[in-house]
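This report introduces a structure to someone meeting it for the first time. Please look over the sequence and the structure shown here before reading on.

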Amino acid sequence: MANAAQLISALADPTRRAVLERLKEGPRPVGEIARGLPVTRPAVSQHLKVLKDAGLVADKSVGTRRIYYIDPKGLGAMRAWLDQFWEQALDAFKLAAEAEAEKAQKKDDE
Amino acid sequence: MTSRIRPAPVRKSIFVQAPQARAFDVFTREIGQWWPKSHKIGPVDVERPIIEPREGGRWYELDVDGTECEIGKVAVWDPPARLILVWQLTPDFKFDPNLVTEVEVLFTPEGDGTRVELEHRDLERFGERSEAMRETISGPGGWPMLLELFGEEAKK
């Protein structure tokens, strides 16, 4: 499973974000994803591989075609959400704990 | 295609310039001082979240109108070193009694302060609530927000 760094780097690329935007509309084969994007089809395949490794995208064979879709169980988005949530919460916690500690320190000094 | 996904836990570590016991107290008894107000369950504003200070205690949100909304439970209450909370919120911040994920928080003295390590685990259980996941992923707080966020990050 992807770690947060892998997720961030997977999503940091504008072409890969464009690929995901496409897949938000529904499952698509590579050719259809590539259409309208300013990159070659092999490049899109490469980007899909990175997204797949990050747990954001999955694929399946339908006949001779390979269809790509956003992995609903991939949990990539959920992980990113929790990661960001706890980051924000702990920063706020640190501020509160240090303010409290400082208050107690002042009281002791008096 | 049916292989189960076992995502790694979300792990965070932070150093706080506060003694261990105080760090534990601020995290638990004074959670209302720091818990992000944006992360709420009820339709009205949050007064404060409350962690009942005992094993088996409730973890809930008290709203300004007096409503109480469940967040989870206290699984392990071991001050000032260790706390395990049960988080039962889906990604769209709805309480689901069938969703059980653990948040373990360790408080360890370090230098003149405390190292606080948080681990949110059993994340694959969110996957079993795939309906809520789909909503979140497609909702305003899901993909659009995440993509925007990472877009901003990528600019740096």
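A charge is said to sit over a ring if NZ of Lys or CZ of Arg is within 6 Å of the ring centre and within 35 degrees of the ring normal.

## Charges over rings

The model is predicted, and two such arrangements can be described in it. In chain B, the charged end of B:Arg58 sits over the ring of B:Tyr60, 4.0 Å from the centre of that ring. In chain A, A:Lys60 lies over the face of A:Tyr69, at 5.3 Å from the ring centre.

## Confidence in the model

For the model as a whole, the scores are ipTM 0.75 and pTM 0.65. Chain B has a mean pLDDT of 80, and 74% of the residues of chain B reach 70 or more. Over residues 1-5 of chain B, however, pLDDT stays under 50, and for this stretch the model has eleven contacts beyond four places in sequence.

## Chain A in outline

Chain A is made up of five helices and three strands, and when chain A is read along the sequence these elements follow the pattern α-α-β-α-α-β-β-α. Of its 110 residues, 46% count as buried, while the accessible surface of chain A comes to about 5600 Å², with 50% of that area belonging to carbon and sulfur atoms.

Among the contacts in chain A with a separation of 6 or more, 51% are accounted for by residues that stand 24 or more positions apart.

## Strands 3, 4 and 5 of chain B

Strand 3 (residues 58-63) and strand 4 (residues 68-78) of chain B run antiparallel and are joined by five bridges, with B:Glu68 in strand 4 as the bridge partner of B:Leu62. The hairpin of these two strands has four residues between them, and in this hairpin B:Gly66 takes a positive phi near 90°.

Strand 4 of chain B also runs antiparallel to strand 5 (residues 82-87) of chain B, and six bridges join the two; in strand 5, the bridge partner of B:Trp77 is B:Leu83. The hairpin from strand 4 to strand 5 of chain B passes through three residues. B:Pro80 is found in the loop between these strands, and a cis peptide bond, with omega about 0°, joins B:Pro79 and B:Pro80. As a general background to these two features, most residues other than glycine have a negative phi, and most peptide bonds are trans.

## Aromatic pairs

Over all chains, the structure holds 15 aromatic pairs. One of them is formed by B:Phe24 and B:Trp77, which meet edge-to-face, at 5.0 Å centre to centre and with 70° between the planes. B:Phe24 lies in helix 1 (residues 20-28) of chain B and B:Trp77 in strand 4 of chain B, so this pair ties together parts that are 53 residues apart in sequence. Are these two residues buried or exposed? B:Phe24 is buried, with a relative accessible area of 1%, and B:Trp77 also counts as buried, at 16% relative accessibility.

For B:Phe27 and B:Trp34, the ring centres are 4.9 Å apart and the planes stand at 50°, so this pair is tilted. B:Phe27 is buried, with a relative accessible area of 2%, and B:Trp34 is buried at 3%. Ring pairs link these four residues into a cluster with further members, including A:Phe85, A:Trp86 and A:Phe93 of chain A and B:Trp59 and B:Phe107 of chain B.

How values were computed:
Residues are numbered from 1 along each chain as its sequence is written. Chains are lettered from A and ligands numbered from 1 in the order in which they are written. This is a predicted model: local features need pLDDT of at least 70, side-chain atom pairs count only at pLDDT 80 or more; totals for chains, interfaces and linings use all residues. Side-chain values use heavy atoms; hydrogens and water are left out. Two strands pair if DSSP finds at least two bridges between them. Buried means under 20% relative accessible area, exposed over 50%, partly exposed in between (1.4 Å probe, protein chains only). Contact means heavy atoms within 4.5 Å. Accessible areas come from the Shrake-Rupley method with a 1.4 Å probe; for residues, only the protein chains shown count as cover. pLDDT is the predictor's confidence in each residue, from 0 to 100. Rings of Phe, Tyr and Trp (its six-membered ring) pair if their centres lie within 6.5 Å; planes under 30 degrees apart count as stacked, over 60 as edge-to-face and the rest as tilted.
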